[in-house]
Amino acid sequence: MTDRPLLEVEGLDVTYPGRGGAVRAARGVSFALGRERLAIVGESGSGKSTTGRAILGLIPRPGVVRARRLAFDGINLGALSDAGWSRLRGRRLAMVMQDPKFALNPVLRVGAQIMQTYRLHWRTSRREAERRALEMLESVRIRDPETVFRLYPHQLSGGMGQRVMIAMMLVGEPDLLIADEPTSALDVTVQNQVLRVLDDLVAARGMGLIFITHNLTLVSSFCDRALVMYAGRVVEQCDARRLGEARHPYTQALIAAAPDLDHPRAVLRTVTRDPTWTT
Amino acid sequence: MTAPPAIAVERLWVTYTHEGRRIDAVRDVSFAVAPGETFGLVGESGSGKSTVLKAIAGLVAPTAGGVRLAGRGMTAKRDRAERRRLQYVFQDPYGSLHPRHTVDRALREPLEIHGFADRDAAILAALAGVGLESRHRFRYPHQLSGGQRQRVAIARALILSPGVLLLDEPTSSLDVSVQAEILNLLTRVRSERALTTIFVSHDLAVVAHLCERVAIMRLGEIVETLPVEALRASGAATPYGRELIAASRGYVRHDEPLASADVSER
């Protein structure tokens with residue numbers, strides 16, 4: 001029993017050195033995550049993906065990550081060795097990317113990839129791993145798991161590829177899943193099927209989910225809480241379903257800039273950027 | 001006697017052959033767009049919406065059926081006058097602007113091809129018309145932001161004073177705040193110039209914002225055509241139309257989220 005949050009992030013800074021001075025991709029990002037669905041929302045360059053990658057230790061050199069505290073289930077991620085990361089990543093911490101085309105191994109059959117991930121973290125027989133892989137494919141609502149098991153990634157549709165990736169990421173039974181625009185490349189009807197899968201898994205396993213997106217409709221309809229990022233900073237934290245009542249002028253402007261089926265307006269509001277938002 | 005539609009698509013078929021298999025990308029599609037109207041084509045990937053637009057522009061040849069421009073049937077190859085009157089804006093301005101041509105050259109080329117005089121004045125006017133300044137004139141595409149590049153693509157389309165503007169997902173690769181600026185720009189030029197516009201998008205809210213009538217496509221066919229008011233009211237006549245509109249409104253949660261109490265119980 002514990003009251004400790006699953007993830008604690010305090011004062012996270014990600015800096016890339018550059019010719020024109022350092023680029024601060026994330027600045028002083030702080031939040032705590034329980035077993036909930038947290039949205040990180042923002043426009044391109046806001047630092048939302050950087051934040052997700054920094055949590056997983058995936059910021060490439062020469063990027064520099066600094067934080068007052070970066071802890072997953074009490075484990076200090078800042079001091080973790082490579083071996084320590086290998087025990088965490090794919091097992092307790094997992095990430096789903098936007099496009100399955102680039103995240104799945106193109107020359108390995110789907111089933112083999114899921115089995116590989118599973119056997120990396122659990123000492124089991126091939127047979128047991130195969131059973132688990134089929135079970136995972138079924139749990140992400142793939143109708144004919146045995147057929148899909150034998151397919152190569154290029155033989156999958158976008159929605160199916162994304163579900164396969166989710167199956168692969170969840171086979172290690174992670175406690176925290178970071179999903180970076182997991183449905184942005186998908187059609188809306190398929191998008192909702194993939195969200196249904198995530199929804200069920202979050203509810204069934206009590207997994208924590210960080211959902212990185214630019215889509216405000218998905219934030220308010222799918223997530224519990226939202227962090228709004230702008231220029232590397234968290235400008236607002238709010239209840240995701242009450243995004244419409246957001247207080248920060250940037251969040252309000254972003255919502256007003258998006259066309260809305262229910263609230264037509266002749267001219268959309270544009271975002272007038274205030275320099276004080278970045279200080 | 002009323003004016004003929006600006007664009008009439010009549011029993012259009014577009015068929016591709018891929019690895020010996022026949023794929024009907026567009027199947028018997030017909031619709032008419034009145035002069036000055038903005039017509040939306042929505043659908044998911046593979047629905048054929050972009051192929052219809054390409055067939056109107058003459059970028060793909062119809063297998064059967066055809067397209068009329070202001071009442072006159074067009075042959076498979078567009079003549080120069082038709083090409084001037086039909087202008088296209090693509091989703092990705094990075095792909096549609098030549099990386100080694102300046103903005104000035106991108107805008108000058110169509111003027112030269114179509115023999116327009118006073119090119120410098122026309123280029124400056126076109127830039128001003130899309131909210132760009134003269135300092136942008138000699139920049140290369142990579143020196144512009146995504147929104148600015150799309151403004152250049154729109155300026156290039158408008159510089160020949162076309163009658164019909166064909167827009168293929170023109171804001172899909174842009175951030176919400178930039179999308180708002182481009183949509184406002186399109187709204188303004190459309191009313192200033194009485195343009196007939198066909199707008200292709202997968203985003204129903206964006207299409208509803210700009211269009212008066214919307215056709216929903218699926219697997220190469222038009223499932224239904226409805227006025228934007230019906231789209232906004234979720235009043236589609238077909239099951240697929242209703243499903244698409246419902247999906248666009250966001251995810252529907254079927255259970256309560258884990259309350260914070262569940263966290264402390266562990």
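So, strands S1 and S2 of chain A: S1 covers residues 7-16, S2 covers residues 23-33, and the two pair antiparallel over seven bridges. If you want a register marker, take Glu8(A), whose bridge partner in S2(A) is Ala32(A). The hairpin has six residues between the strands, and Gly21(A) in that hairpin takes a positive phi near 100°. Bear in mind through all of this that we're looking at a predicted model.

While we're on backbone oddities in chain A, there are a couple more to point at. The peptide bond from Arg61(A) to Pro62(A) is cis, with omega near 5°. And where does Pro62(A) sit? You'll find Pro62(A) in the loop between helix H1, 48-55, and strand S4, 64-66, of chain A. Then there's Glu173(A), which isn't a glycine but has a positive phi of about 55° anyway. Glu173(A) is in a loop too, the one between H7 and S8 of chain A.

That takes us to the sheet. In chain A we have an open sheet of six strands with mixed pairing, and the order is S7-S8-S9-S3-S10-S11. Which strands are at the edges? Those are S7, residues 93-96, and S11, residues 233-239, each pairing on one side only. On average, neighbouring strands in this sheet are turned by 20° against each other, ignoring direction. Over at the S11 end, strand S10 of chain A, residues 225-230, is joined to S11(A) by six bridges, and those two run antiparallel. Leu227(A) is the one standing opposite Gln237(A) of S11(A) there. Now look for a helix on this sheet: H7 of chain A, residues 158-170, packs on it and touches S7 and S8, the latter being residues 176-180. The direction of H7 makes about 170° with that of S7(A).

One more helix pair in chain A before we move on. H4, residues 110-121, and H5, residues 126-139, pack at about 115° with their axes 9 Å apart, and the crossing of H4(A) and H5(A) is right-handed. From H4(A) the contact uses Gly111(A), Ile114(A), Met115(A), Tyr118(A) and Arg119(A). On the H5(A) side you have Ala129(A), Glu130(A), Arg132(A), Ala133(A) and Met136(A). Sorted by class, that H4(A)-H5(A) contact comes out as six nonpolar, one polar and three charged residues.

Okay, chain B. Here too there's an open sheet of six strands with mixed pairing, and the order this time is S6-S7-S8-S3-S9-S10. At the edges are S6, 86-89, and S10, 221-227, of chain B, and each of them pairs on one side only. The average turn between neighbouring strands is 20°, direction ignored. Inside this sheet, five bridges link S3 of chain B, residues 38-43, to S8 of chain B, residues 196-201, and the pair runs parallel. Thr38(B) stands opposite Thr197(B) of S8(B), if you'd like to find the spot.

Helix H6(B) lies across S6 and S7, with S7 being residues 164-168 of chain B, and H6(B) runs at about 175° to S6(B). H6, residues 146-158 of chain B, also has a helix partner: its axis and that of H7, residues 176-193 of chain B, come within 10 Å and cross at roughly 15°. So H6(B) counts as roughly parallel to H7(B). The crossing of H6(B) and H7(B) is right-handed. Which residues of H6(B) and H7(B) meet? From H6(B), it's Gly146(B), Gly147(B), Gln150(B), Arg151(B), Ile154(B) and Leu158(B), and from H7(B), Val178(B), Glu181(B), Ile182(B), Leu185(B) and Val189(B). By class that contact has six nonpolar, three polar and two charged residues.

Now the two chains together. 37 residues of chain A are in contact with 33 residues of chain B. On the chain A side, helices H8 (188-205), H9 (216-222) and H10 (249-257) each supply at least two residues. Which element of chain A gives the most? That's H8(A), with six residues. The whole chain A side divides into 15 nonpolar, 11 polar and 11 charged residues.

Last, confidence. The predictor gives the complex an ipTM of 0.85 and a pTM of 0.88. Chain B averages a pLDDT of 91, with 95% of its residues scoring at least 70. The stretch to watch is residues 256-266 of chain B, where pLDDT stays under 50. For that stretch the model has 15 contacts beyond four places in sequence.

Notes. Residues numbered from 1 in each chain as written. Chains lettered and ligands numbered in written order. Predicted model: local features only at pLDDT ≥ 70, side-chain atom pairs only at ≥ 80, totals over all residues. Pairing = 2+ DSSP bridges. Helix = DSSP H or I, 4+ residues; strand = E, 2+ residues; numbered from the N terminus. Axes fitted to C-alpha atoms, helices over the stretch in contact; angles between N-to-C directions. Contact = placed C-beta atoms within 7 Å. Parallel < 35°, antiparallel > 145°, perpendicular 65-115°, else oblique. Left-handed = near helix turned anticlockwise from the far one by under 90°. Nonpolar A, V, L, I, M, F, W, Y, C, P; charged D, E, K, R; others polar. pLDDT = per-residue confidence, 0-100.
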